[in-house]
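User: I would like a close look at one part of this structure, namely how its elements pack against one another. Please take me through it step by step, in one connected answer.

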Amino acid sequence: MHTILRQRIDSGSALVGVIGLGYVGLPLAHAMHAGGLRLLGFDIDPAKIEALARGTNYLRHLGDDLARTLAASDRFDATTDFARLAEPDAILVCLPTPLTEDRRPDISYVLRAGLDIGRALRPGQLVVLESTTYPGTTRHEFADAIAKAAAPGLELGRDYFLAFSPEREDPGRTTHSTRTIPKLVGGLDPTSTGLAAALYRRAIEHVVEVSSAEVAEAAKLLENIFRAVNIALVNEMKLSLEAMGIDVWEVIEAASTKPFGFMPFYPGPGLGGHCIPIDPFYLSWKAAQVGAPARFIELAGQINHAMPARVVDRTAEALALRGTPIDNARVLVLGLAYKPDIDDVRESPALEIIELFRQRGATVAYSDPHIPRTHPMRRYDLGMQSQPLTPENLKAHDAVVIVTHHRDFDYAMIAKHARLVVDTRNAMQSYATEMGARLVKA
Ligand SMILES: NC(=O)c1ccc[n+]([C@@H]2O[C@H](COP(=O)([O-])OP(=O)(O)OC[C@H]3O[C@@H](n4cnc5c(N)ncnc54)[C@H](O)[C@@H]3O)[C@@H](O)[C@H]2O)c1
């Protein structure tokens, strides 16, 4: 079976299915299409499928060309009909892996996809899980879901093949693309690894084979834990240095002049996005299961989680010094997205910061050119609309809190007109002298 599949991959005639056309699945489908392959996208959201058929993009940071190219191509189709999962030679699963309310891994989307794939499974298919998850998911929970729904007699490693390949997408980053970010691949067996690696090599410049799915799963977690722990380190360092009257930003800049053995991480208002605040807990949960607690992860989580409240406290202190109690203050939050120049608000610390300001009695508005209004989310339903950033609006607020430093903000105008700026990103550094006591770093 694998020889025919390999021939289809190598000849470029293979049909690739992508389940989940979100932040990860859509650019991946586009990259595979650009590599000359035929693509069939699957999503449960009919609005996304309709948008793709029209050539309309629903993820702004990817640009309009992407959706237009796919819509115009006879090598691309997208559907909500999961019975069509029998068609692709290879199926890439790019579904959410969030945490439950009690911060445990929620792999229900992945398991549901496993059952969908199993029901349609035919000999000669390769399945690759891309969703971030704890080591062992591909071999155990995901493989079991496929096998449970599959027709009897289909054997893993003989009739169909299974691998894990973590997604390393970084929305908004312009220095790398799906094509240029090296791709790790680890199969449940060497045949699966080889098939998956051959497939990705058609579209991605550098594919790295590892010895197992578990190594690939754990490598992805290490990458994100590395970030979460180092961000927590500088967040804690910021508080210690602040108490000593030392500016952490200048310290990081100074330390960064060392040409080896140091890599800068920057403090901020708290973690955001689908990855860094969530993925580490996939490992710590599994580590606890096997009796080897991951203490760094838990500590980093505590420190990073405390940052939004810290920003609100710091703003309240600065306002009090100016004679405005927080419960009587008008606060303008700049940037709702969790990082610059994108429109993704998932887990954004801005949401918690706004909620905390409201709890303290402040009247809060926000301005974000990428997010015209808020929508109901699992935890937050803020019911807000973005305010235009104008001199009048800046003057009308007692404090302007920079949570996300979008490129589009006019920082010179902010420096000129804001009564007080609480800056969590060091975005106003060039205006520090001009602003004097009107600028507070948090
Ligand atoms: N967003 C990132 O920057 C990023 C980076 C690296 C890794 N990841 C990982 O990739 C995975 C996917 O994340 P994402 O950001 O692309 O999520 P996303 O929410 O943007 O996309 C998921 C898509 O799946 C669809 N969907 C939900 N349930 C479905 C189902 N049962 N069947 C078919 N489609 C379904 C949704 O409509 C959505 O379009 C996660 O594990 C995440 O941790 C994300």
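Analyst: An axis here is a line fitted to C-alpha atoms, taken for a helix over the stretch in contact, and the angle between two axes runs from 0 to 180 degrees between their N-to-C directions. The coordinates belong to a predicted model, and what follows should be read with that in mind.

With that definition in hand, helix 3 (residues 46-54) and helix 4 (residues 64-72) can be described as packing at about 80°, their axes lying 7 Å apart. Angles from 65 to 115 degrees count as roughly perpendicular, and helix 3 and helix 4 are therefore roughly perpendicular to each other. On the side of helix 3 the contact is made by Ala-51, Leu-52, Ala-53 and Arg-54, which meet Ala-67, Leu-70 and Ala-71 of helix 4. Sorted by class, the residues of this contact between helix 3 and helix 4 are 6 nonpolar and 1 charged, with no polar residue.

A second pair to consider is helix 8 (residues 213-243) with helix 9 (residues 248-255), whose axes are 9 Å apart and meet at an angle of about 120°. Helix 8 and helix 9 are therefore oblique to each other. Here Val-234, Met-237, Lys-238 and Leu-241 of helix 8 face Val-248, Val-251 and Ile-252 of helix 9, and the residues of this contact of helix 8 with helix 9 comprise 6 nonpolar, no polar and 1 charged. Helix 8 also holds Ser-240, which counts as exposed because it has 10 C-beta neighbours inside 10 Å. Measuring from C-alpha to C-alpha, Ser-240 lies 49 Å from Gly-41, and the two are 199 residues apart in sequence.

Helix 2 (residues 25-34) is mostly covered, with 9 of its 10 residues buried. Among the buried residues of helix 2 are Leu-26, Pro-27, Leu-28, His-30, Met-32 and His-33, and what the buried residues pack against is strand 1 (15-19), strand 2 (38-42), helix 4, strand 3 (76-79) and strand 4. Helix 4 thus takes part in the contact with helix 3 as well as in the packing of helix 2. After helix 2 comes Gly-36, with a positive phi near 95°.

Helix 7 (residues 190-201) has 12 residues that should span 16 Å at 1.5 Å a residue, and this agrees with its end C-alpha atoms, which are 16 Å apart. Its buried residues are Ser-192, Thr-193, Leu-195, Ala-196, Ala-197, Leu-199 and Tyr-200, and the elements that cover them include helix 1 (2-11), strand 4 (90-93), strand 5 (125-129) and strand 6 (160-164). Ala-198 is likewise found in helix 7, but Ala-198 is partly exposed because 18 other C-beta atoms lie within 10 Å, whereas a buried residue needs 20 or more. Leaving aside residues up to four places away in sequence, Ala-198 touches Arg-6, Ile-9 and Asp-10. Its C-alpha atom is separated by 31 Å from that of Pro-105, which is 93 residues away along the chain.

Finally, there is the packing around the ligand, where Gly-20, Gly-22, Tyr-23, Val-24 and Ser-131 come nearest of the 27 residues around it. Helix 5 (residues 108-120) supplies the largest share of this shell, 3 residues, and the shell divides by class into 13 nonpolar, 7 polar and 7 charged residues.

Note on methods. Residues are numbered from 1 along each chain as its sequence is written. This is a predicted model: local features need pLDDT of at least 70, side-chain atom pairs count only at pLDDT 80 or more; totals for chains, interfaces and linings use all residues. Helices (H or I, at least four residues) and strands (E, at least two) are DSSP runs, numbered from the N terminus. Angles under 35 degrees count as roughly parallel, over 145 as roughly antiparallel, 65 to 115 as roughly perpendicular and the rest as oblique. Two residues are in contact if their C-beta atoms, placed from the backbone, lie within 7 Å. Ala, Val, Leu, Ile, Met, Phe, Trp, Tyr, Cys and Pro count as nonpolar, Asp, Glu, Lys and Arg as charged, and the others, Gly among them, as polar. A residue is near a molecule or strand if its C-beta atom, placed from the backbone, lies within 6 Å of it. The expected span of a helix is 1.5 Å times one less than its number of residues. A residue is buried if 20 or more other C-beta atoms lie within 10 Å of its own, exposed if 12 or fewer, and partly exposed in between; C-beta atoms are placed from the backbone.
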